[in-house]
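Open the structure in your viewer and keep the selection panel at hand. The stops below say what to select and what is found there.

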Amino acid sequence: MKVGVIGLGLIGGSVAKACLRAGWTVYAYDVNSRVIERAREEGIIVDTTWQQWIQDIDQIVLATPLNDVAIWIPRILNHSQAGCTIVDMSSVKGIFQSIYAQIQPPFALLSLHPMAGKEVRGFEHSDSRLFEGRSCLIVEVEGIRPDPHLVQQWMTVLGSNPVWVPWDQHDQLMSLVSHTPYLISAAVLTLAKNSDNTLPLWPQVVGTGFLDVTRIGASDERLWKEILKANEGHIRETFAQFTQLIHEWNDQIQRGEWPKALQDTAAIRNKAVSKFPRTSSPPNG
């Protein structure tokens, strides 16, 4: 299999390395010359321009910033060979409805979203085993039926567990389980920072609970700003629901009452844990 990867950040770099480990021939493009040099050292083919190798590959993985996807899909359609499959790894899908519609036979689309990541970005942190044991969302775009054989190939290469998700539910789901939790986690960090003058010992007394809750909140703000902007409609709705819930709990706490919903939270978390793949470290969605 010959695959090209556009964008060698954490996700694109990890996909490229996973493909190499599977024995695939991997071409790649990135705007950063230092990344290109490190990719060359890994065995990724970067010595020709993307316009040269794009006509000789079977699949092209898009792992660019969200704002660049709409630029690259027309380029791929104009330069790649007939029958090429575009594999989009974007973490938000709704904004691409019109651009996805441009992908017509003999070209094909496979829209994936691996639920894995780290707090750090960049090719230097990429890992061929980043996706192993994690869920990988197969986003079902209306009118496009992904090739089951191709899906299985990717799950084998990534070592991931497939979860089929309707396209019109993907972004709302991400708002609930990833995007709003980032905001809440970041709010806890900001609350602590605001206590610097009154409780300066706070960094010295944190436990694992604080570190678990704030792990995702310490991720790159520039990356999250782009993601939240792309999914802002669902973010507004979900964050408003969260805010309403906090107001209700605050009212109860101010009255000296214990929020009754807290008695159910252990069971709620266990429901998610029972569905979560067993691996040594948690993902960063």
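## A tryptophan pair and the strands beside it

Select Trp72 to begin: its relative accessibility is 5%, under the 20% cut-off, so Trp72 counts as buried. The model is a predicted one.

Now add Trp50. Its relative accessibility is 9%, so Trp50 counts as buried too. A search of the whole structure returns eight aromatic pairs. Trp50 and Trp72 form an aromatic pair of the edge-to-face kind, with 4.9 Å from centre to centre and 70° between the planes. This pair links distant parts of the chain: Trp50 sits in helix 3 (residues 50–53) and Trp72 in helix 4, with their positions 22 residues apart. Add Tyr29 to the selection; ring pairs link Tyr29, Trp50 and Trp72 into a cluster.

Next, show helix 4 (residues 66–79) as a ribbon, together with strand 3 and strand 4. The three elements make a right-handed β-α-β unit.

Keep strand 3 (residues 59–62) and display its side chains. Which residues point one way, and which the other? Gln59 and Val61 point to one side, while Ile60 and Leu62 point to the other, and all are buried.

Strand 3 has pairing partners to select in turn:

- Strand 4 (residues 85–88) pairs with strand 3 in the parallel sense, over four bridges. To locate the register, pick Leu62, which stands opposite Asp88 in strand 4.
- Strand 1 (residues 2–6) also runs parallel to strand 3, and four bridges join them. Here pick Val5, which stands opposite Val61 in strand 3.

Finally, clear the selection and colour the whole chain by secondary structure. The count comes to 12 helices and seven strands. The radius of gyration is 21 Å, close to the 19 Å that the globule rule gives for 285 residues, so the chain is as compact as a globular protein of that length. Along its principal axes, the C-alpha trace spans about 70 × 40 × 30 Å.

Switch to a surface view. About 15,600 Å² of the chain is exposed, and carbon and sulfur atoms supply 54% of that area. Of the 285 residues, 42% are buried. For a contact map, take the contacts with a separation of 6 or more: residues 24 or more positions apart account for 70% of them.

Terms used: Residues numbered from 1 in each chain as written. Predicted model: local features only at pLDDT ≥ 70, side-chain atom pairs only at ≥ 80, totals over all residues. Heavy atoms only, no water. Buried < 20%, exposed > 50% of the residue type's maximum accessible area, 1.4 Å probe, protein only. Helix = DSSP H or I, 4+ residues; strand = E, 2+ residues; numbered from the N terminus. Pairing = 2+ DSSP bridges. Right-handed = clockwise from strand over helix to strand, strands pointing away. Rg over C-alpha atoms; globule rule 2.2 N^0.38 Å. Contact = heavy atoms within 4.5 Å. Areas by Shrake-Rupley, 256 points an atom, 1.4 Å probe, with all protein chains shown as cover. Phe/Tyr/Trp six-rings, centres within 6.5 Å; stacked < 30°, edge-to-face > 60°.
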